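Here is a friendly note to read with the structure open beside you. Take the points one at a time, and find each residue on screen as you go.

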Amino acid sequence: MSVLLPVGTVYPGRFDGRVVTVTGAAQGIGLVVATRIAAEGGSVILVDRSELVHEVAKELREKGFQAHSVTADLEVFEGAQSAIDEARQQHGRIDVLVNNVGGTIWAKPYEQYTPEQIQAEVQRSLFPTLWTCRAVLPHLIEQRSGTIVNVSSVATRGVNRVPYAAAKGGVNAITSALALEAAPHGIRVVATAPGGTDAPVRRGRWRR
């Protein structure tokens, strides 16, 4: 694969001295976010359950960026905890966590979903954010600083996305509730809600 340099205006030094962990970083939005942060001086830890993430980190290092890769299944707390622990071991801290894991698996009228499909959608697009926030929070509280960026979606008001919309609505709720809890510790919790994204065909498969 080939990691493309970010398009648009790059602000060299904007992330100098910052350690940023990006989940779902093997491809798509997560890959672009991690590449942009690295190009602007950040030390990035790329987390994904796909082995592709190691190729991405290798290419970033070959371009002169600071990048480390971690494979983990963030749909379970143990995976989230191991990813955060390894990220901290690399630099001793985490300044920013970007929770990007998620994505629609199926798009169809709600009555056509099976119970197993509904559970899979929620498991994929809600729990990684829930677990990773829980895993990183004690460290950020200890630092008394840090930022969590949760990736939501405009699909919370979409059509043929009910389970995914429910999951991303949960991400919004995590963000607003945790922001209130974390603010006294000097921690910011924010969210962004992308719309449709023009991205290459996914490499690897979702679990069905």
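A salt bridge, as the word is used here, is a side-chain nitrogen of Lys or Arg within 4 Å of a carboxyl oxygen of Asp or Glu. Keep that in mind for points 4 and 5. Please also remember throughout that this is a predicted model.

1. **The overall plan.** Let's begin with the whole protein chain. Its secondary structure comes to 6 helices and 6 strands. If you read along the sequence, these follow the pattern β-α-β-α-β-α-β-α-α-β-α-β. Of the 208 residues in the chain, 46% are buried. The accessible surface comes to about 10,400 Å², and carbon and sulfur atoms account for 54% of that surface. Among contacts with a separation of 6 or more, 68% are between residues 24 or more positions apart.

2. **Strand β1, covered on both faces.** How many of the 5 residues of strand β1 are buried? The strand covers residues 19-23, and 5 of its 5 residues are buried. To see how this works, recall that in a regular strand the side chains alternate between the two faces of the sheet. Try sorting the residues of β1 by side: Val 19, Thr 21 and Thr 23 lie on one side, with Val 20 and Val 22 on the other. Both faces of β1 are covered, as the residues on each side are buried.

3. **The neighbours of β1, and a step onward.** Which strands does β1 pair with? One partner is strand β2 (residues 43-48), which runs parallel to β1 and is joined to it by 5 bridges. In this pairing, Val 19 stands opposite Ser 43 of β2. Another partner is strand β4 (residues 96-99), also in the parallel sense, over 3 bridges. Here Val 20 stands opposite Val 96 of β4. Helix α1 (residues 28-39) joins β1 and β2 in a right-handed β-α-β unit. From β2 you can move on to strand β3 (residues 67-71), since β2 and β3 pair in the parallel sense over 5 bridges. In β3, His 68 is the bridge partner of Ile 45. The chain crosses from β2 through α2 to β3, and this β-α-β crossover is right-handed.

4. **A salt-bridge network around Glu 40.** The count of salt bridges comes to 6. Which residues are linked with Glu 40 in a network of salt bridges? They are Arg 14 and Arg 36. The side chains of Glu 40 and Arg 14 meet at 2.7 Å, N to O. This pair links distant parts of the chain: Glu 40 is in the loop between α1 and β2, while Arg 14 is in the segment before β1, 26 residues apart. Glu 40 also forms a salt bridge with Arg 36, where the closest N and O atoms are 2.7 Å apart. Is Glu 40 buried or exposed? With 0% relative accessibility, Glu 40 counts as buried. Arg 36 has a relative accessible area of 22%, so Arg 36 is partly exposed.

5. **A salt bridge along a helix.** Now look at Lys 58 and Glu 62, which form a salt bridge with the closest N and O atoms 2.5 Å apart. Why are these two separated by about one helical turn? It is because Lys 58 and Glu 62 are 4 residues apart in helix α2 (residues 52-62). Lys 58 has 46% relative accessibility, so Lys 58 counts as partly exposed. Glu 62 has 56%, so Glu 62 counts as exposed.

6. **Asn 150, a buried polar side chain to look at.** Asn 150 is found in strand β5 (residues 146-151). Its relative accessible area is 0%, so Asn 150 is buried. What does the side chain of Asn 150 make polar contacts with? One such contact is with the side chain of Asn 99, at 2.9 Å. Another is with the side chain of Thr 175, at 2.9 Å. Leaving out residues up to four places away in sequence, the residues that Asn 150 touches include Thr 129, Cys 133, Val 171, Ile 174, Val 189 and Val 190. Ala 191 and Thr 192 are also among them.

Technical notes: Residues numbered from 1 in each chain as written. Predicted model: local features only at pLDDT ≥ 70, side-chain atom pairs only at ≥ 80, totals over all residues. Heavy atoms only, no water. Buried < 20%, exposed > 50% of the residue type's maximum accessible area, 1.4 Å probe, protein only. Pairing = 2+ DSSP bridges. Right-handed = clockwise from strand over helix to strand, strands pointing away. Contact = heavy atoms within 4.5 Å. Areas by Shrake-Rupley, 256 points an atom, 1.4 Å probe, with all protein chains shown as cover. Polar contact = N/O pair within 3.5 Å; in protein donor to acceptor, adjacent residues only side chain to side chain.
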